Amino acid sequence: MRTDWSNVYAVIRREFLERVRKKSFLITTLITPIIFGAVMILPGVLTVMKTGKPLHILVVDKTGWAGPAVVAAAPAPQQLGNTLHSKAEESAQGAATLQMAPKGEDLEKIKIAIGESKVDGALLLESDKDHDLKATYFGQNLSSPQLFQMLNSRLDSVAVVHRLNSLGLDRSIADKLKSRVDLDTVKVTKGGKTREGSILDFLIPIALALVIYMMILMYGVAIMNGVLEEKNSKVVEVLLSGVRPFELMMGKIVGIASVGLLQYTIWFVLGGFVFLMNPMNFQAHMEGSPVSILQLVLLVLYFILGFIFYSSLYAAIGSFCTTQQEAQQLQMPVASGLIIPAVLMAPTLMTPNANWVVALSLIPVSSPITMLLRTGAVEVPYWQIGASLALLVMGTIGVAWLAGRIFRVGILMTGKRPSIPEVLRWIRQA
Amino acid sequence: MDALTYSQVKKSFGDVAAVKPLDLAIPEGNIFGLLGPNGAGKTTLIRMTLGIILPDAGTIQLLGKPRDVKDRSSFGYLPEERGLYPKMKILDLLIFFGKLRGLSTAEDKSRAVTGLKRVELSAWAEKKVEELSKGMQQKIQLLVALLHRPKVAILDEPFSGLDPVNVDLFKEVIRETRDSGTNVVLSTHQMEQEALCEQIALVNKGEIVLRGHVDEIRRQYGSREVRVAFGSEPATDGLLSGLVESANVDGREVRYRMREGVKGRDVASKLIQAGCDVTGFSEAQASMHEIFVRVVKGGEGHAN
């Protein structure tokens, strides 16, 4: 029996057009990036933006020397090489004003004012027994790390100068001593080539892996539900009087995958625009583009293979269930094949050449995600990439064949869900 | 030549024998009725014919040749339960199924349009399937089965959910289909639909219990009941005792149940010879259901 590709094409066409024409496609395509953008950018934007009036903090000075210095101090210079971070800090500087408490206002009075929200906070400065600086913050709201970071850096800077002065060092020397060392990161690739490291070195592999992860989960489930729907609406009987089960399954998988690819293409283009225009100045990091051609090729290969691998399984599950709930339960073990490597993302990036990571990047179940993460983190030997792809190709063919056999029998089953031994019998006999 | 030939076809599900080894030839150029109660094995037989499931044993031939599983465009199928995509537009749906059965795009569309006109649904071409009534959806289902002009169209319970007007429309379309050269196999538990068929097979518990031309079966299994109306008081028992086994008197009308092998006219001539005042005589038509029950119960059953 040969596969009739015109049938497969007809199924692909229908799946694609019917889904793309739906209003829900348009809506998810537009809404998702908005939600995503909001989740990713809003916290940053909100901290960058001056959120209402700055906090009003009174400084109660019991040392006699630290108060004016803390009020006047510039923040300690920071060289984190992280624009987002320092921006947020800058904004915290602007979001709070420090002021010496007026003479005669003692701490108890100020505390009452804080309780009545007339003042946002008070900073109590004291000398400890070694004549060093000791500070206490009083406030209604203690949940702003940026504020404390800012206060801390001012206090540090004042204390350091004070300590150095007490050792008899000149203030200018003290300032010099205070300055931090700037640590630059340089990424070394094959052949000793180097380029400046950037935050994208870290973000790109995660983004690639997440794209694959979400895509397979979202559209895999869509395939499962599509199969279930066809089965329950009995369309499948009419279809199978003209199409072979394998043709139907392949048509559905490719058709729905194309919908996903279209959606992601739209998102990438939209994302590209946002990327170029966003306020965080990411494009400065784009120089010496950290995404290699190899990574893009691998993204596409792992996506296609991983997608067929998982969607075949999803199609098979859909074919032998009768209700959504049943299918939801059964898809959990399949989904965990994707979830586990995704959960292990952080250790994978930290130790990309550990034995277990290498193993995960070779096993077909987890390789699409783990291998993409690794290629972002280190130079993966070509033989490992080759082996991983070869295994994935074999795994995919095997799974598609298996799923096809289950699908053929399952799709016409009604009533009780078959037991595992029954499914195994189908695989042998179908 | 026969449209379909089954030899020793068999299918079991677990311990249940859905179709027992079965031989059947469905002649060409016919509307063939596959009649039987629910669960008789009709649908299983149909699914095997279509290649949706494989028989455990036996062969099925299409037009004298082993059925080419690849060439599924030879069949048209209207399943017992409606099987359409609820969200698809009618015209798109018809074109999709036409494509799956090998129609070219241009041919596909023109046939879909003519088909919709024939079943009086032209105005609905751009509507979604779910917006249609049950009966309308059934019409679409019929078009899906027939548009590609299959060699054999298999219609499983085509009349379910249809009003009498649409039943007539369906019958017309089915006859036209036969006249245009498609072999029609009609499967139904509504045995009164045998009138549409030239030949039938009665199926029960996975076996064919009776097969042949409708007229012959009728003749063979004609009714054993006659109704006689008398002008005066009927007094006959002794007279007919050799011919009938029971008499049911209702005023001046009597229903006689005849003995095996006795013909209605024997009863009539006996009465007339005896000079009875007969004003009316009718032989009750045996319904196919009655015949079925009689065959299944070994000829001793009585129609209810």
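## A tour of chain A and its contact with chain B

Begin by selecting the whole of chain A, which has 430 residues, 30% of which count as buried. Bear in mind throughout that this is a predicted model, and that the mean pLDDT of chain A is 79, with 81% of its residues reaching 70 or more.

Switch next to a cartoon view of chain A, where you can trace 17 helices and 6 strands. If you then display contacts with a separation of 6 or more within chain A, you will find that 77% of them join residues that lie 24 or more positions apart.

Now colour chain A by pLDDT and select helix α14, residues 355-362, which has the highest mean value among the elements of the chain, at 92. Move from there to helix α4 of chain A, residues 83-95, where the mean pLDDT is the lowest among those elements, at 51. While you are in this part of the chain, select residues 76-88 of chain A, over which pLDDT stays under 50, and for which the model nevertheless has 21 contacts beyond four places in sequence.

For the last stop, bring chain B into view and select the contact between the chains, to which chain A gives 18 residues and chain B gives 24 residues. On the side of chain A that touches chain B, helices α1 (5-21) and α9 (235-240) each supply at least two residues, and α9(A) gives the most, with 5 residues. Colouring this side of chain A by residue type will show 8 nonpolar, 4 polar and 6 charged residues.

Terms used. Residues are numbered from 1 along each chain as its sequence is written. Chains are lettered from A and ligands numbered from 1 in the order in which they are written. This is a predicted model: local features need pLDDT of at least 70, side-chain atom pairs count only at pLDDT 80 or more; totals for chains, interfaces and linings use all residues. Helices (H or I, at least four residues) and strands (E, at least two) are DSSP runs, numbered from the N terminus. A residue is buried if 20 or more other C-beta atoms lie within 10 Å of its own, exposed if 12 or fewer, and partly exposed in between; C-beta atoms are placed from the backbone. Two residues are in contact if their C-beta atoms, placed from the backbone, lie within 7 Å. pLDDT is the predictor's confidence in each residue, from 0 to 100. Ala, Val, Leu, Ile, Met, Phe, Trp, Tyr, Cys and Pro count as nonpolar, Asp, Glu, Lys and Arg as charged, and the others, Gly among them, as polar.
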